[in-house]
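Here's a walk through one protein model, taking in its salt bridges, its packing, its main pocket and a few individual residues. Have the viewer open as you read.

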Amino acid sequence: MDYKIVERSQFTITGFTQDFTAADAFLKIPAYMNTMTTHINENKLPIGDLAVTINDEQDFNTIHFYLASEGKKNIAGCSSYTFPDGLWLQFPCYGAYPYALQQLAYEVYNDFL
């Protein structure tokens with residue numbers, strides 16, 4: 001599996017966010033991304049190059065999904081999240097959306113983690 005390890009200082013992302021259950025994520029996140037990408041493009045908003053999933057620390061079945069960009073931005077309807085200093089695994093994703101992204105998520109969770 002192709003990945004790289006990157007050391008990063010604290011950073012913030014800003015974007016549109018919605019919570020999903022782990023069971024619904026594969027079906028509902030692509031629909032949410034399509035809706036929000038259309039909104040972002042129609043309004044020429046400076047976000048949307050990151051798709052970020054954050055598992056809830058209290059309820060591992062809850063996924064906080066962000067369609068975001070790095071940096072703190074003041075955009076109506078958006079939320080920010082700050083990640084602490086740490087090591088990161090970055091997995092490149094190539095191919096047709098949503099299949100390629102879903103396949104990568106499956107491989108990361110099932111094969112890598």
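Let's start with charge pairs: the count comes to 2 salt bridges, where a salt bridge is a side-chain nitrogen of Lys or Arg within 4 Å of a carboxyl oxygen of Asp or Glu. Before going further, note that this is a predicted model, in which local features need pLDDT of at least 70 and side-chain atom pairs count only at pLDDT 80 or more, while totals for chains, interfaces and linings use all residues. Residues are numbered from 1 along each chain as its sequence is written, and side-chain values use heavy atoms, with hydrogens and water left out.

Here are the two pairs side by side.

| Salt bridge | N to O distance | Relative accessible area |
|---|---|---|
| R8 and E70 | 2.6 Å | R8 23%, E70 41% |
| K28 and D24 | 3.5 Å | K28 45%, D24 28% |

The R8 and E70 pair ties together distant parts of the chain: R8 sits in strand β1 (residues 4-8) and E70 in strand β4, 62 residues apart. Helices (H or I, at least four residues) and strands (E, at least two) are DSSP runs, numbered from the N terminus. For burial, the scale is buried under 20% relative accessible area, exposed over 50% and partly exposed in between, with a 1.4 Å probe and protein chains only. R8 counts as partly exposed because its relative accessibility is 23%, and E70 is partly exposed too, at 41%. In the other bridge, K28 is partly exposed at 45%, and so is D24 at 28%.

**Packing**

In soluble globular proteins, nonpolar side chains tend to be buried together. A nonpolar core here is a set of buried Ala, Val, Leu, Ile, Met, Phe, Trp, Tyr and Cys residues joined through side-chain atoms within 4.5 Å. Which members of the largest core touch the most other members? They are F16, I29, Y32, I47, F65 and L67, out of 14 residues in that core. Two or more residues come from each of β2 (11-21), α1 (25-42) and β4 (62-70), and α1 gives the most, with 6 residues. Apart from this core lies another, of 7 residues, with F11, I54, A68 and F83 among them.

Y32 is a good one to click on. Setting aside neighbours within four places in sequence, Y32 is in contact (heavy atoms within 4.5 Å) with F16, T17, Q18, F20 and F65.

**The pocket**

Now for the empty space. The largest pocket holds about 1,600 Å³. On a 1 Å grid over the protein atoms alone, a pocket is an open set of points where a 1.4 Å probe fits, with protein on both sides within 12 Å along at least five of seven lines, and lining residues have an atom within 4 Å of a point. Grid points are joined across faces, edges and corners, and the volume is the space filled by probe spheres set on the points.

The largest pocket is lined by 41 residues, and A51, V52, T53, L89 and F91 are the closest to its centre. At least two lining residues come from each of β2, α1, β3 (50-55), β4, β5 (79-83), β6 (86-90) and α2 (99-112). The biggest share is from α2, with 8 residues. By class, the lining has 31 nonpolar, 6 polar and 4 charged residues; Ala, Val, Leu, Ile, Met, Phe, Trp, Tyr, Cys and Pro count as nonpolar, Asp, Glu, Lys and Arg as charged, and the others, Gly among them, as polar.

**A few residues to look at**

Two residues in strand β4 are worth a stop. T62 is in β4 and is buried, at 17% relative accessible area. Beyond residues up to four places away in sequence, T62 touches D19, F20, I54, N55 and D56. I63 is also found in β4, and I63 is buried at 10%. With the same sequence exclusion, I63 touches Q18, D19, F20, A22, A25, T53, I54 and N55. The C-alpha atoms of I63 and Q18 are 8.4 Å apart, though 45 residues separate the two along the chain.

G71 is in the loop between β4 and β5 and is partly exposed, at 23%. G71 and T12 are 59 residues apart in sequence, yet 5.2 Å apart in space, C-alpha to C-alpha. Leaving out neighbours within four places, G71 is in contact with T12, I13 and T14.

Finally, K44 is in the loop between α1 and β3. Phi of K44 is near 50 degrees, a positive value in a residue other than glycine. Is K44 buried or exposed? K44 is exposed, because its relative accessible area is 71%.
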